[in-house]
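Reader: Could you take me through one part of this model in detail? I would love a close look at the salt bridges, and at how they sit within the rest of the chain.

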Amino acid sequence: MKKHLIITTALLLLFSAGSLSAQEKNKKELSTVKFETSIDCENCVNTIMKNLPFEKGVRDVKCDLATKEVTVQYQKEKTDTGKLKRAIEKLGYTATEKGEKQKPAGNKK
Ligand SMILES: [Cu+2]
């Protein structure tokens, strides 16, 4: 009886460890890219915010009017910075990649 309990506990531990590493993996596949764009007013921001989040693989979009930067969090396996750049250009703005930042788990910051 006691042995059975130990096995059940071990299985439960194994299961939760498995789902944890799956979450960890998902996090690793997310990347963030910053574009310097030609947005110059609230309307531009609205246009970006209304359209860009619907691009394939886009998880999060942030616009900063002061710096004209558009920050996009995306899934690496579904899109890439070139496609995101074209997506912004399709909306009528210029977009220059400011550098790709990976977000691995446990990054110092
Ligand atoms: Cu504008």
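**A close look at the salt bridges**

Author: Happy to! Please keep in mind that this is a predicted model. To set the scene, the chain holds three helices and four strands, and reading along the sequence gives the order α-β-α-β-β-α-β. Of the 109 residues in the chain, 25% are buried.

Now to your salt bridges: the whole structure contains five of them. A good place to begin is Glu 69, whose side chain meets that of Lys 34 in a salt bridge, with 3.7 Å from N to O. Glu 69 belongs to strand 3 and Lys 34 to strand 1 (residues 30-37), so this pair ties together parts that are 35 residues apart in sequence. How covered are the two partners, buried or partly exposed? Glu 69 is buried because its relative accessible area is 13%, under the 20% limit. Lys 34 is partly exposed, at 32% relative accessibility.

Glu 69 also has a second partner. The side chain of Lys 98 meets the side chain of Glu 69 in a salt bridge, here with 2.7 Å from N to O. This pair, too, links distant parts of the chain, with Lys 98 in strand 4 (residues 95-102) and Glu 69 in strand 3, 29 residues apart. Lys 98 has a relative accessible area of 42%, so Lys 98 counts as partly exposed. Put these contacts into a wider frame and you find a network of salt bridges that links Lys 34, Glu 36, Glu 69 and Lys 98.

Just before Glu 69 in the numbering comes a residue that deserves a glance at its backbone. Lys 68 is not a glycine, yet Lys 68 has a positive phi of about 60°. Its place is the loop between strand 2 (58-64) and strand 3. With a relative accessible area of 35%, Lys 68 is partly exposed.

Another of the salt bridges joins Lys 62 and Asp 60, whose closest N and O atoms are 3.1 Å apart. Lys 62 is exposed because its relative accessible area is 52%, which is over the 50% limit. Asp 60 is partly exposed, with 29% relative accessibility.

Not every charge is paired in this way, so let me turn to the surface. There, Lys 56, Arg 59, Lys 78, Lys 83 and Arg 86 gather in a patch of positive charge. To place one of them, Lys 78 sits in the loop that runs between strand 3 (69-75) and helix 3 (81-90). The relative accessible area of Lys 78 is 38%, so this residue is partly exposed.

Finally, a word on the copper ion, where another acidic side chain takes part. Which residues are its protein donors? They are Asp 40 through OD, and Cys 41 and Cys 44 through SG, at 2.0 to 2.8 Å from the ion. Along the sequence, these donors follow the spacing D-C-x2-C. Two of the donors can be set side by side: Asp 40 is exposed, with a relative accessible area of 54%, whereas Cys 44 is buried, at 8%.

To return to your request, the thread to follow by eye is Glu 69: this buried residue forms salt bridges with Lys 34 and Lys 98, and belongs to the network that also takes in Glu 36.

How values were computed: Residues numbered from 1 in each chain as written. Predicted model: local features only at pLDDT ≥ 70, side-chain atom pairs only at ≥ 80, totals over all residues. Heavy atoms only, no water. Donors = N, O, S within 2.8 Å, 3.2 Å for Na, K, Ca; no water. Buried < 20%, exposed > 50% of the residue type's maximum accessible area, 1.4 Å probe, protein only. Patch = residues over 30% accessible without salt bridge, like charges linked within 9 Å, V, L, I, M, F, W, Y side chains within 5 Å. Areas by Shrake-Rupley, 256 points an atom, 1.4 Å probe, with all protein chains shown as cover. Salt bridge = Lys/Arg side-chain N within 4 Å of Asp/Glu carboxyl O. Lys, Arg positive; Asp, Glu negative; His and termini not counted. Charge placed at Lys NZ, Arg CZ, Asp CG, Glu CD. Helix = DSSP H or I, 4+ residues; strand = E, 2+ residues; numbered from the N terminus.
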